[in-house]
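Please go through the model shown here, one question at a time. Each reply should end on the value or name asked for.

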Amino acid sequence: MNRSSDLGPNQSLIGRPGSRHRLATPALIVELGALERNIAKMARDHAAIGLDLRPHAKTHKSAAIARKQIDAGALGVCCATLREAEAMAAGDIPGVHLSSPVVGDGKLRRLAALNADAEGLMVAADNRQNLAQLDEAAEASGDSLNVLVDIDVGMARTGVGTVEGAVRLARAVSDAEYLTYRGIQGYSGKVQHIERLGERTEVYGAHLDHLRDVVEALKDAGLAPEIVSGGGTGTHGIDREAGLFTEHQAGSYIFMDVEYNAVEFDGTGEPPFETALFVQCSVVSNNAEGFVTIDGGFKCFATDGPKPRIAATSIKGAGFDRFGDEHGKVILPEGANEKPGLGDPILLITPHCDPTVNLHDYYHVVDGDTLVDIWPVDARGVL
Ligand SMILES: Cc1ncc(COP(=O)(O)O)c(C=O)c1O
C-alpha cells in the first residue's frame with residue numbers, strides 16, 4: 001500500500017499507552033473497533049441476502065479503509081473524484097467505480113491513464129457527448145472502459161431523467177466501440193437523511209418505482225443490466241428489501257455522524273451502526289464564565305449541516321456553538337462545578353462525516369486510550 005512517510009505531528013505517539021489524550025489537536029479520530037464492527041455488519045447483512053457491496057470511498061478517501069472493506073467482502077469501491085479513484089488504484093483496491101461524470105480534457109486524460117492501469121474500472125455517464133469523450137479516452141488507454149448509465153431517480157443532480165432516454169443511452173453505450181455496457185446506477189441523495197422511516201420509505205418508493213421501470217424497459221430492449229448499483233446508508237434497509245439492486249453504494253455507515261444519528265433506521269430507536277469518527281480538540285482558553293474555547297472551528301468541521309456534538313464521554317450535557325474559523329465554544333452544562341483546564345481534550349461527533357474528513361490530513365486511529373496508527377486521508381481535496 002502506498003503510505004506516506006510523513007504522518008504528521010502525532011507520529012511519535014503511535015503505540016504509546018495513553019497517547020490518545022496527548023494528541024496535538026484538532027485531530028480527526030477513528031475508533032478502530034467501531035469502524036471494524038460497522039464494516040463487518042454491513043458486509044454480513046448484505047452477504048446474507050446475496051447483495052454485493054461497492055461502498056462509497058467519498059466518505060473516507062482512504063486506501064487503508066477501503067482495504068478493510070474489500071477484506072470484509074466488498075467487490076470494489078465507488079469514488080466521486082478522479083483523485084479518489086487514483087488513490088484507490090494506487091492502493092491496489094480493485095473494482096473502482098467513478099459514480100460522478102468525468103468531464104473535461106485533463107480529467108479524461110487522467111481517466112485514460114487510470115483505465116490502462118486499474119482493472120475493471122467503471123464510470124457513470126448520463127450524456128451522449130460525454131459517451132463520445134469516454135470512448136476516445138478508452139481508445140487512448142488501449143483498453144475498453146466499463147460504463148453504467150446514470151439514472152436520475154428523482155434528485156435531478158445527474159442522470160437520465162426518462163425511461164426512453166435511459167434505453168437510448170444504454171443502446172449508445174453498447175454500440176460504442178471502446179465502451180462496455182455493464183448496467184445502470186440510480187442514487188437518491190435527497191432521501192438519505194429524511195429522519196422518519198415512514199416518510200423516507202414513501203418518498204424513496206417513487207424513486208425505486210422509476211428505477212424498476214427503467215430496468216424493465218432495458219430488459220424489453222435486449223439491454224438487461226448486469227449491474228444495478230445504488231443506495232446509501234439512510235436507505236440501506238429499504239434497498240435490501242427492494243430486490244432491485246445487484247450492488248450497494250453505502251458510504252457513511254462506517255463512521256456515522258450527527259446527521260445520521262438523528263435518522264430513524266428501524267423500530268429500535270438506535271442507529272444500527274456505531275459512531276466511529278470524531279474530532280478531538282483541546283481547550284485553548286477558559287477565562288469566560290459558563291463556557292470554554294476549543295481549537296475547532298469552521299476549518300475543522302463541515303458547516304453544511306447541524307453543529308458538531310460533544311461526545312457524552314467527554315463532558316455530559318455540554319453544548320457546542322461555532323466560534324469562528326479556528327475556534328469553537330463548549331457551553332458547560334448548568335450547574336457544572338468544574339471547568340475543563342487549559343489543554344484538556346474535548347471529543348466531538350462530526351456533524352457530516354464526508355466534508356469533515358476532507359478538511360483533515362490524517363486519521364488518528366485509536367484503540368481504547370492508545371493511538372495505534374495514523375492513516376493519511378489519501379485523496380483529500382476535490383480535484
Ligand atoms: C452516488 C452516491 N452513492 C452513494 C453515496 C453514499 O451515501 P451515504 O454516505 O449516505 O451512505 C453517495 C453519497 O453522497 C453518493 O453520492
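The questions below cover a helix, some loop residues, the ligand shell and the domains.

Q: Which pLDDT do local features need in this predicted model?
A: Residues are numbered from 1 along each chain as its sequence is written. The model is predicted: totals for chains, interfaces and linings use all residues, side-chain atom pairs count only at pLDDT 80 or more, and local features need a pLDDT of at least 70.

Q: How far apart are the end C-alpha atoms of helix 6 (residues 163-175)?
A: Helices (H or I, at least four residues) and strands (E, at least two) are DSSP runs, numbered from the N terminus. The expected span of a helix is 1.5 Å times one less than its number of residues. For the 13 residues of helix 6 this gives 18 Å, which agrees with the distance between the end C-alpha atoms, 19 Å.

Q: Within what arc do the buried residues of helix 6 fall?
A: A residue is buried if 20 or more other C-beta atoms, placed from the backbone, lie within 10 Å of its own, exposed if 12 or fewer, and partly exposed in between. Ala166, Leu169, Ala170 and Val173 are buried in helix 6. Because the directions from the helix axis to the C-beta atoms of these buried residues are confined to one arc, they line one face of the helix; the arc is 105 degrees.

Q: Which exposed residues does the face of helix 6 turned away from its buried side carry?
A: The buried residues of helix 6 pack against helix 5 (128-141), strand 6 (145-150), strand 7 (179-186) and helix 7 (197-220). Contact here means C-beta atoms, placed from the backbone, within 7 Å. The face turned away from the buried side carries Glu164 and Asp175.

Q: Is Asp152 buried or exposed?
A: Asp152 lies in the loop between strand 6 and helix 6. It touches Thr158, Gly159, Val160 and Gly161, not counting residues up to four places away in sequence. Because Asp152 has 22 C-beta neighbours inside 10 Å, it counts as buried.

Q: Is Ala156 buried or exposed?
A: Ala156 is also placed in the loop between strand 6 and helix 6. Its phi is near 60 degrees, a positive value in a residue other than glycine. With 9 C-beta neighbours inside 10 Å, Ala156 counts as exposed.

Q: What is the phi of Lys61?
A: Lys61 lies in the loop between strand 2 (52-53) and helix 2 (63-71). It has 26 C-beta neighbours inside 10 Å and therefore counts as buried. Although Lys61 is not a glycine, its phi is positive, about 55 degrees.

Q: How many residues of the shell around the ligand are polar?
A: The ligand is surrounded by 15 residues (C-beta atom, placed from the backbone, within 6 Å), the closest being Gly232, Thr233, Gln249, Gly251 and Ser252. Ala, Val, Leu, Ile, Met, Phe, Trp, Tyr, Cys and Pro count as nonpolar, Asp, Glu, Lys and Arg as charged, and the others, Gly among them, as polar. The shell holds 3 nonpolar residues and 1 charged, and the polar ones number 11.

Q: Which element gives the largest share of the side of domain 1 that touches domain 2?
A: An automatic or database domain assignment divides the protein chain into domain 1 (11-29 + 271-376) and domain 2 (32-257). In this pair, 20 residues of domain 1 are in contact with 19 residues of domain 2. Helix 10 (353-357), strand 16 (362-367) and strand 17 (370-376) each give two or more residues to that side of domain 1. The largest share, 4 residues, comes from strand 16.

Conventions
Contact = placed C-beta atoms within 7 Å.
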